[in-house]
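Me: I'm new to this one, so could you walk me through it in small steps? Let's put the structure up before we start.

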Amino acid sequence: MRLEMKKINKSFGPVKVLKDVDFVVENNEVHAFVGENGAGKSTLMKILTGIYSLDSGEIYLDGEMQHFKTIRDSEAKKIVIVNQELNVFGDMTVLDNLFLNKEIVNKYRKIDVGKQSVIAKEIFKLLQLDLDLSRPVRELSVGLQQMLEISKALIVDAELIVMDEPTSALTEVEIEHLFKVIKVLKKEGKSIIYISHRMKEILEICDSITILRDGVFIKRAQIKDITYDEIVSNMVGYELGGLFPDKPFVKPGQSLLKGENLSKKGKFSNIHFEVKEGEIIGFAGLMGSGRTEIMNAIFGMDPADSGKFYYKDKPVRIRSVQDAKKIHIGYVTEDRKEEGLFLDFSLNENVLFNNLTEFSKHNIVDKELTRKVSNEYLKMVNIKCRDNDQLVSELSGGNQQKVIIAKWLANKPEILILDEPTRGIDVNSKKQIYDLIFKLRELKIGFIVVSSELVELLGIADRIYVMHEGRLTGELVNKDLKDETVMKYMVGGENIEN
């Protein structure tokens, strides 16, 4: 299927989000669609899939003009979107999820489970999946749920599939399988729009690319004819000068936090680590390796069954979040929307809620102090917003992440845990967060960073602890360290206990 969108315009009130945007996807290609958060990518895709109406412009499929008013209109033309936020029902079976609102009925007007099962097995065979159709979806990994969403697209025989940040929550193994599936789909004659902030993946899997900036079409090119630096500079409108800033030399100070022989049944065992003043340590590992579970134990959310903690070389007990806060630990969680923010409240209020006791006298909130402190820290993290009374839900992903960091900085942490700090945010916002981390380490804050992106850990960490299936397999000094070396430890190739 060949898609052509011509001179697309879309406004929300006085704000013009898309301005004469042209967008072309050729038949049987994997086409990358990139731009910073807020560039207009999602709006254009919602117009394509009938969620939003366009103000002006034209849409053509194989040369024929289209008018999409609903999602059903676009699905009828075999266009399907696989969203970053997966649309599955955990308590329903794989088969029921697959055919939801697309049930096949027999002549007795009953659901034909047999026929549905045959079709599902054919699709799973094509995608090289081995799934029990009667299994509840909540038991599947995020990667398998992603495959289920792609399978739904094939149920309606989609010819154009939009994949929005498809690897944001996948392990390296699951990403490898997804890429195999994309190649299979391309071989079957499908066209794919691939939306991602991960440049390495785009350069590996895509044939061509369209770059959008501030609602304006900037460039379309073949992947073989464009470099990483050209993509990034076109996205942000200036030369970025490399993703990672030069790492400032900071001699690590005294030990801030040390863990010894930490274990949690079924999650991790015999873990040790140490973070010092001004030091950035990383935790690497495939999804399910136990990284986040260790962070939850350090922060007292789900305490370890055994092991010891030392704060500034003195033994401490961490059995609750309050225990962690007492020794000045802050935690920027992996799921910022569910666990890190109150989306329907303002920036000021989000900073306040994390520091109620500090900003209150006799149980009454000191609004003047709250505003003064929140202004100080929101300014420090360089948030792009209308004002500090703006709702957090209205901010881009990168700015939402900065709000979480600001609320913890207001707590004056000595140790800051960052779990997937740049997931789902654009390249420029990533660079700003790396700049901020390096700036804060000069204030002697110690960082514990969990990331699924090895390039991120290699770019910022001083030392990297590597996990595999709940065990520590390596503690690596990040000097001339290669990603292949870290990966060897991530898949269990070495063991620190040996």
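Reply: Happy to. One cut-off to begin with: buried means under 20% relative accessible area, exposed means over 50%, and partly exposed is what lies in between. Also keep in mind that this is a predicted model.

Me: With that in hand, is aspartate 157 buried, exposed or partly exposed?

Reply: Aspartate 157 sits in the loop between helix H5 (142-155) and strand S7 (160-164). Its relative accessibility is 37%, so aspartate 157 counts as partly exposed.

Me: What is the phi of aspartate 157?

Reply: Here the sign is what to look at, since aspartate 157 is not a glycine. Its phi is positive, at about 55°.

Me: And where is aspartate 20, and what is its phi?

Reply: Aspartate 20 is part of strand S2 (residues 15-25). With 42% relative accessibility, aspartate 20 counts as partly exposed. It is a residue other than glycine with a positive phi, near 50°.

Me: How many residues of helix H1 are buried?

Reply: Helix H1 covers residues 41-48 and is mostly covered. Among the buried ones are Leu44, Met45, Ile47 and Leu48, and Lys41 and Thr43 are buried as well. Out of its 8 residues, the buried count is 6.

Me: Which residue with a positive phi follows H1?

Reply: Look just past the end of the helix. The phi there is near 80°, and the residue is glycine 50.

Me: Is glutamine 116 buried or exposed?

Reply: You'll find glutamine 116 in helix H4 (residues 113-126). Leaving out residues up to four places away in sequence, it touches Leu95, Phe99, Glu103, Ile104 and Ile111. Its relative accessible area is 2%, which is under the 20% cut-off, so glutamine 116 is buried.

Me: How many residues does the largest nonpolar core have?

Reply: In soluble globular proteins, nonpolar side chains tend to be buried together. In this model, Phe273, Phe283, Ile298, Ile329 and Ile448 have the most contacts inside the largest core. Beyond its neighbours within four places in sequence, phenylalanine 283 contacts residues including Phe273, Met295, Ile448 and Tyr465. The core's residue count is 75.

Me: How many residues are in the second, separate core?

Reply: This one includes Ala32, Val34, Ile150 and Ile182. Its count is 51 residues.

Me: What is the area of the nonpolar surface patch that includes Phe353?

Reply: Phenylalanine 353 lies in helix H12 (residues 347-353) and is partly exposed, at 31% relative accessible area. Together with Phe342, Phe345, Leu356 and Val365, it makes a nonpolar surface patch of about 400 Å².

Note on methods:
Residues are numbered from 1 along each chain as its sequence is written. This is a predicted model: local features need pLDDT of at least 70, side-chain atom pairs count only at pLDDT 80 or more; totals for chains, interfaces and linings use all residues. Side-chain values use heavy atoms; hydrogens and water are left out. Helices (H or I, at least four residues) and strands (E, at least two) are DSSP runs, numbered from the N terminus. Buried means under 20% relative accessible area, exposed over 50%, partly exposed in between (1.4 Å probe, protein chains only). Patches are made of residues with over 30% relative accessible area and no salt bridge: like charges are joined within 9 Å, nonpolar side chains (Val, Leu, Ile, Met, Phe, Trp, Tyr) within 5 Å. Accessible areas come from the Shrake-Rupley method with a 1.4 Å probe; for residues, only the protein chains shown count as cover. A salt bridge is a side-chain nitrogen of Lys or Arg within 4 Å of a carboxyl oxygen of Asp or Glu. Contact means heavy atoms within 4.5 Å. A nonpolar core is a set of buried Ala, Val, Leu, Ile, Met, Phe, Trp, Tyr and Cys residues joined through side-chain atoms within 4.5 Å.
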